[in-house]
Amino acid sequence: MADALTMLRQFNCDRKEVIERDDFIQFGEFAWPKTAKTNYLIWGTGKDGVTKDYYTLECILFLLKNVNSNHAVYVKHAAAANVPVVRRPDRKDLLAFLNGEINSSASIDKSVPLEISLQRPMQLKRTGEDATGEPDKKKPRVEESHVQRDKERLAKKLDTPKEASVIPDQIKSSSLSQAMPIEKISAIRAKIIARKRTTIKGDDTMEKSTEQSVFIDAEVDVTRDIISRERHCRTRTSVLQSIGKEFAKNIFGILQSIKTREEGGARQQAPGTTENVVQSTPTTQAKPQQLIGYSRYDQERFRGKEETEGFKIDTMGTYHGMTLKSVTEGASAKKLQAPAAAPNQAAPMSRPVSMARPPANLKKGSKTAIIIIPAATTSIITMYNAKDLLQDLRYVSMEEKKAQGAKRDNEVLLQRMKPGASTVPYRVIDNPLKLLPEDWDRVVAVFVQGPAWQFKGWPWDGNPVDIFSRIKAYHLKWTELPLDPNVKKWSVHVLNMDRHRRHLDRATLNQFWEILDKHMAKNKPHLRF
């Protein structure tokens with residue numbers, strides 16, 4: 001339901017006419033009394049113990065009518081018309097809201113209860129001039145005479161008196177009551193009436209569609225207004241209900257795919273398992289069962305038959321580490337999965353611990369060093385120009401790279417030129433959260449932006465002090481800008497770049513590589529540099 005202040009703002013922005021009649025102000029099909037309180041707070045109220053007070057609808061409408069007048073002249077006119085005035089501090093903000101320049105105001109109290117409008121302004125009491133006016137000036141009624149007549153006719157056909165006597169007086173006095181009991185006649189009569197209530201007579205089938213269309217045309221405005229104000233009733237149960245999700249279709253499909261995958265893996269691992277089981281013969285004799293001594297702390301193995309009532313149920317068993325197939329098929333799957341050993345197969349020889357360990361060069365990890373840069377677009381070094389800065393040793397702005405059609409990559413692999421025409425690869429990224437735990441050993445440098453939240457989610461609890469003790473930190477900034485307070489208290493090497501003189505870039509960026517080489521020689525000698 002729209003409030004009076006919003007309707008006044010809408011009519012003022014759309015340049016629609018606001019009608020004043022008696023003690024009411026009409027906005028189309030809505031109407032409020034002139035003394036109706038809006039939710040716009042009067043300046044000076046609601047503070048220092050003063051009770052909150054709000055402007056009336058008549059007060060704000062009078063301001064719009066005298067908006068072109070000086071405030072002093074407006075106050076005189078309002079006093080003459082016995083209308084409350086809008087205070088000078090509220091005038092500018094209120095007019096800006098009513099003219100659509102701003103969408104809301106700090107003086108609008110959204111918690112105050114709003115007055116309900118009258119839904120039928122045409123039913124308001126008319127003045128004497130309207131009552132004695134010409135017939136063509138009277139407002140037409142929503143329902144015309146022929147529509148009302150059709151409604152009454154249809155109601156007479158469908159409605160029948162519920163408590164009326166089922167047996168007419170003519171039947172009681174006729175000879176039909178002599179040939180047939182009155183109870184049977186009343187039952188037949190009741191069936192006929194019940195059938196008439198659910199069907200429409202054939203003589204008015206042609207008029208039915210016309211009558212219904214007239215009713216729909218007459219009620220379309222009222223129906224549209226009712227539907228626009230409807231709200232779906234939502235409860236805790238209806239909110240949790242899912243649309244388009246079926247348990248049998250989704251969950252059973254997942255279980256079926258897991259079962260198919262496990263069966264396929266079992267066929268690949270042991271294609272001739274069943275043959276070995278059939279052909280194998282037991283060659284070893286069962287070992288004699290050792291006598292188990294009594295223990296007061298191991299009573300479960302003695303009470304097994306009592307707890308399971310004679311059934312072979314392992315009360316200490318578990319399904320941990322078992323596949324879905326072995327759980328569903330039971331003990332028979334375990335027998336098939338453990339084929340008997342061949343009679344002539346030699347027992348595996350024990351090896352020393354040194355031979356059991358894999359060789360040191362069996363799996364070699366990457367030796368490419370990783371450099372992390374900020375992901376912020378305000379940083380001097382970004383994924384657009386990281387290759388220009390660290391490989392070509394010259395600064396190119398991000399705007400120039402975009403103008404050249406460069407695209408942002410998730411990571412950059414740059415080749416650093418070394419003396420002797422050799423190159424060393426370095427991996428540059430700006431999202432360290434994608435690194436694996438073993439990749440953090442290859443991180444050798446990080447460019448610091450300034451805020452501490454840059455290291456959120458990093459190892460070592462995201463503590464910059466612990467991070468910079470393991471990774472060399474740099475801060476790239478323009479010469480004329482002040483140094484960030486966080487960078488001052490951290491162990492960070494600052495690289496100052498000139499904003500205009502590009503011939504100084506090579507000397508500044510060479511410092512980065514010289515310091516990084518010393519750090520890697522001391523802390524990361526196993527990486528390539």
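Visitor: Over residues 120-142, how many contacts beyond four places in sequence does the model have?

Guide: Keep in mind that we're looking at a predicted model. Along residues 120-142 the pLDDT stays under 50. Counting contacts beyond four places in sequence for that stretch, the model has 21.

Visitor: And residues 162-166, how many contacts do they have beyond near neighbours in sequence?

Guide: Here, too, the pLDDT is below 50. Leaving out near neighbours in sequence, the model gives residues 162-166 a contact count of four.

Visitor: Which element of the protein has the highest mean pLDDT?

Guide: For the protein as a whole, the mean pLDDT is 76, with 68% of residues at 70 or more. Among the elements, the lowest mean belongs to helix H17, residues 353-356, at 42. The highest, 95, belongs to residues 443-447, which are strand E9.

Visitor: Let's go to the three-stranded sheet. Which are its edge strands?

Guide: This is an open sheet with antiparallel pairing, and its order is E1-E2-E3. An edge strand here pairs on one side only, and that fits strands E1 (19-21) and E3 (30-33).

Visitor: By how many degrees are neighbouring strands of this sheet turned against each other on average?

Guide: The strands sit in the order E1-E2-E3. Ignoring direction, the average turn between neighbours in this sheet is 25 degrees.

Visitor: Which residue in E3 is the bridge partner of Gln26?

Guide: Strand E2 covers residues 24-27, and its antiparallel pairing with E3 runs over four bridges. One pair puts Phe24 opposite Pro33. For Gln26, the partner in E3 is Ala31.

Visitor: Which residue in the turn between E2 and E3 has a positive phi?

Guide: E2 and E3 make a hairpin, and two residues lie between them. In that turn, a positive phi of about 65 degrees is found at Gly28.

Visitor: Which helix packs on this sheet?

Guide: The helix in question touches E1, E2 and E3. Its direction makes about 65 degrees with that of E2. You'll find it at residues 57-65, and it's called H2.

Visitor: Are H1 and H2 roughly parallel or roughly antiparallel?

Guide: Helix H1 spans residues 4-13, and its axis is 11 Å from that of H2. The two pack at an angle of about 20 degrees. Angles under 35 degrees fall in one class, so H1 and H2 count as roughly parallel.

Visitor: How many nonpolar residues are in the contact of H1 with H2?

Guide: On the H1 side you have Ala4, Leu5, Leu8 and Asn12, and on the H2 side Leu57, Ile60, Leu61 and Leu64. By class, there's one polar residue and no charged ones. The nonpolar count is seven.

Visitor: Is the crossing of H2 and H3 left-handed or right-handed?

Guide: H3 takes in residues 71-80, and it packs against H2 at about 135 degrees with the axes 11 Å apart. That angle makes H2 oblique to H3. As for the hand of this crossing, it's right-handed.

Visitor: Which residues in H3 do Cys59, Phe62 and Leu63 meet?

Guide: Those three belong to H2. The contact of H2 with H3 has five nonpolar residues, one polar and no charged. On the H3 side, the residues are Tyr74, His77 and Ala78.

Visitor: What is the order of strands in the six-stranded sheet?

Guide: This sheet is open and its pairing is mixed. Its edge strands are E7 (411-418) and E11 (493-497). Read across, the order is E7-E8-E6-E9-E10-E11.

Visitor: Which residue in E11 stands opposite Lys477?

Guide: Strand E10, residues 472-478, pairs with E11 in the parallel sense over five bridges. Facing Lys477 across that pairing is Asn496.

Visitor: Which helix lies across E6, E7, E8, E9, E10 and E11?

Guide: Look at residues 505-523. They run at about 165 degrees to E11, and the helix is H22.

Note on methods: Residues are numbered from 1 along each chain as its sequence is written. This is a predicted model: local features need pLDDT of at least 70, side-chain atom pairs count only at pLDDT 80 or more; totals for chains, interfaces and linings use all residues. Side-chain values use heavy atoms; hydrogens and water are left out. Two strands pair if DSSP finds at least two bridges between them. Axes are lines fitted to C-alpha atoms, for helices over the stretch in contact, and angles run from 0 to 180 degrees between N-to-C directions. Contact means heavy atoms within 4.5 Å. Angles under 35 degrees count as roughly parallel, over 145 as roughly antiparallel, 65 to 115 as roughly perpendicular and the rest as oblique. A crossing is left-handed if the near helix is turned anticlockwise from the far one by less than a right angle, and right-handed if clockwise. Ala, Val, Leu, Ile, Met, Phe, Trp, Tyr, Cys and Pro count as nonpolar, Asp, Glu, Lys and Arg as charged, and the others, Gly among them, as polar. pLDDT is the predictor's confidence in each residue, from 0 to 100.
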